[in-house]
Amino acid sequence: MNAQYYLESSDGQSRLPRRLELSELPVTVGRHPDCGLQLNVDRISRLHARFALSNGELCLEDLGSTNGTFVNHQRISRSTPVSAGDVIHLADHEFRLMRDAGAQQATDGSAISADTVVGLSTLPRQFPLQMAALIDLLDNDRVTTYYQDIRTAEGDLFGWELLGRSTHPELSEGPGQLFSLASALNSEVRLSRLLRRQSFAAASRARLTQPLFFNNHPAECEDFDELLAELARLRERYPDLDLVFEVHEAAVTDLSVMARVRKALDRMHIRLAYDDFGAGQARLLELVEVPPDFLKFDISLVRGLDDRESAKYRLLSALNGLISDMGIKTLAEGIETRETAMLCREIGIDFVQGFYFSRPREIGID
């Protein structure tokens, strides 16, 4: 080889050397003493993976390991070319593949320093960032479903918002950390689908008959056709659920696409809600051209609403009047005080949601 490859581990992995040489190829990585690169650490298989040259390229192959081999957060099942700068996971141990001892050639033929990788961020200081736990959660459906009351402005129960939670002992219950980890694995869509499927199943078992508001991840809106196909499959499985699909206002960018989405939802007897209205650009044109059944005001418009003389009160009142005149039902979320609830009712907002009325709780546990 013209240049020497090595694996660089992060500072947070104290049981691993900082630098692991790949001086002789092919080389097998694993716990077994006969491995050329022995890593006697948790979750690494006895014969885990192999680095080898193939047609002048360095390739990595998983050897049927229990916890997987990943290149740039994608699990591999066959020999896969790798290059300097790639992020490699052996189970939940992370490395950066690097080169030194020589010069590489840039694409224009000029020489560049072999240990220079342009545009790469440094390794995070703490790994494995619970990646293995997230994989376990996804593979074994280790989630549960919560729901939170949605009430009329007068305080009567109208429906619920479905919320997913982790049951994995190594992960936070809330969705924030889960989707942050899923983003590193390009698994946001998979996680969103898992939470949605589990939510519908739990709601069906509990025989919930009120409207059920459910979310999607913005990554799913990049392929609305696939998202709608997924919803059609779920609707066929759960025909009795009264469903309301929430779309974040930032995803409402193409009127023709949203019109098609609206027609598809109508065919499935699923109502449409625009979520977090006012969080960014309030897209009033979309409200006129593709009106939803419900509009949820963003929490930023509601939080701190405690004075009818305030600019926030006047803004929310004007927006609610405009939207209500279009025949769209409005919902204020994030209500935490009696004063805010009273002002929302005074403004004429149809539905309310927040800790003042109820906290999320697991379906079937009241």
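Reader: Which elements make a right-handed β-α-β unit here?

Author: In this predicted model, the right-handed β-α-β unit is made of strand 20, helix 9, which covers residues 338-347, and strand 21. Strand 20 and strand 21 (residues 351-352) run parallel and are joined by two bridges, and within that pairing L331 stands opposite F351 of strand 21.

Reader: With which other strand does strand 20 pair, and in which sense?

Author: As a general idea, the strands of a sheet pair through backbone hydrogen bonds, and they do so either parallel or antiparallel. Here strand 19 (residues 294-297) pairs with strand 20 (residues 329-332) in the parallel sense, over four bridges, and one residue pair to look for is L295 with its bridge partner T330 in strand 20.

Reader: What is F297 in contact with, once its neighbours within four places in sequence are left aside?

Author: With those neighbours left aside, F297 is in contact with F277, V302, L316, L319, N320, I323, T330, L331, E333 and I349. Two of these names have already come up in the pairings of strand 20, since T330 was given as the bridge partner of L295, while L331 was placed opposite F351.

Reader: How should I read the largest nonpolar core, and which residues touch the most other members?

Author: A nonpolar core is read as a set of buried nonpolar residues that are joined through side-chain atoms within 4.5 Å. The largest such core in this model has 52 residues, of which F245, L265 and F297 touch the most other members. Helix 4 (residues 224-237) gives the largest share of this core, namely five residues. There is also a second, separate core, which has 22 residues and includes Y5, L20, I44 and F95.

Reader: What is the order of the strands in the open sheet of five?

Author: The order is 4-3-5-6-9, and the pairing in this open sheet is mixed. Strand 4 (37-38) and strand 9 (80-81) each have a single partner strand and stand at the edges, so one side of each is left without a neighbour in the sheet. Strand 3 (residues 27-30) and strand 5 (residues 49-54) run antiparallel and are joined by three bridges, with V27 standing opposite F51 of strand 5.

Reader: Is T28 of strand 3 buried or exposed?

Author: The general idea is to compare the relative accessible area with a cut-off, because buried means under 20%. T28, which lies in strand 3, has a relative accessible area of 18% and is therefore buried. Its contacts, with neighbours within four places in sequence left aside, are C35, G36, L37, L47, A49, R50 and L63.

Reader: Where does C35 lie, and which residues does C35 touch?

Author: C35 lies in the loop between strand 3 and strand 4, and C35 is buried, with a relative accessible area of 7%. Not counting residues up to four places away in sequence, C35 touches T28, V29, G30, R46 and L47. For R46, a backbone distance can be added, as the C-alpha atoms of C35 and R46 are separated by 8.4 Å while the two residues are eleven apart along the chain.

Reader: How many helices and strands does the protein have, and what share of its residues count as buried?

Author: The protein has nine helices and 22 strands, and 49% of its 366 residues count as buried. Among contacts between residues at least 6 apart in sequence, 56% join residues at least 24 apart. As for the surface, the protein exposes about 17900 Å², of which carbon and sulfur atoms supply 46%.

How values were computed:
Residues are numbered from 1 along each chain as its sequence is written. This is a predicted model: local features need pLDDT of at least 70, side-chain atom pairs count only at pLDDT 80 or more; totals for chains, interfaces and linings use all residues. Side-chain values use heavy atoms; hydrogens and water are left out. Buried means under 20% relative accessible area, exposed over 50%, partly exposed in between (1.4 Å probe, protein chains only). Contact means heavy atoms within 4.5 Å. Accessible areas come from the Shrake-Rupley method with a 1.4 Å probe; for residues, only the protein chains shown count as cover. Two strands pair if DSSP finds at least two bridges between them. A crossover is right-handed if, with the strands pointing away from the viewer, the path from the first strand over the helix to the second runs clockwise.
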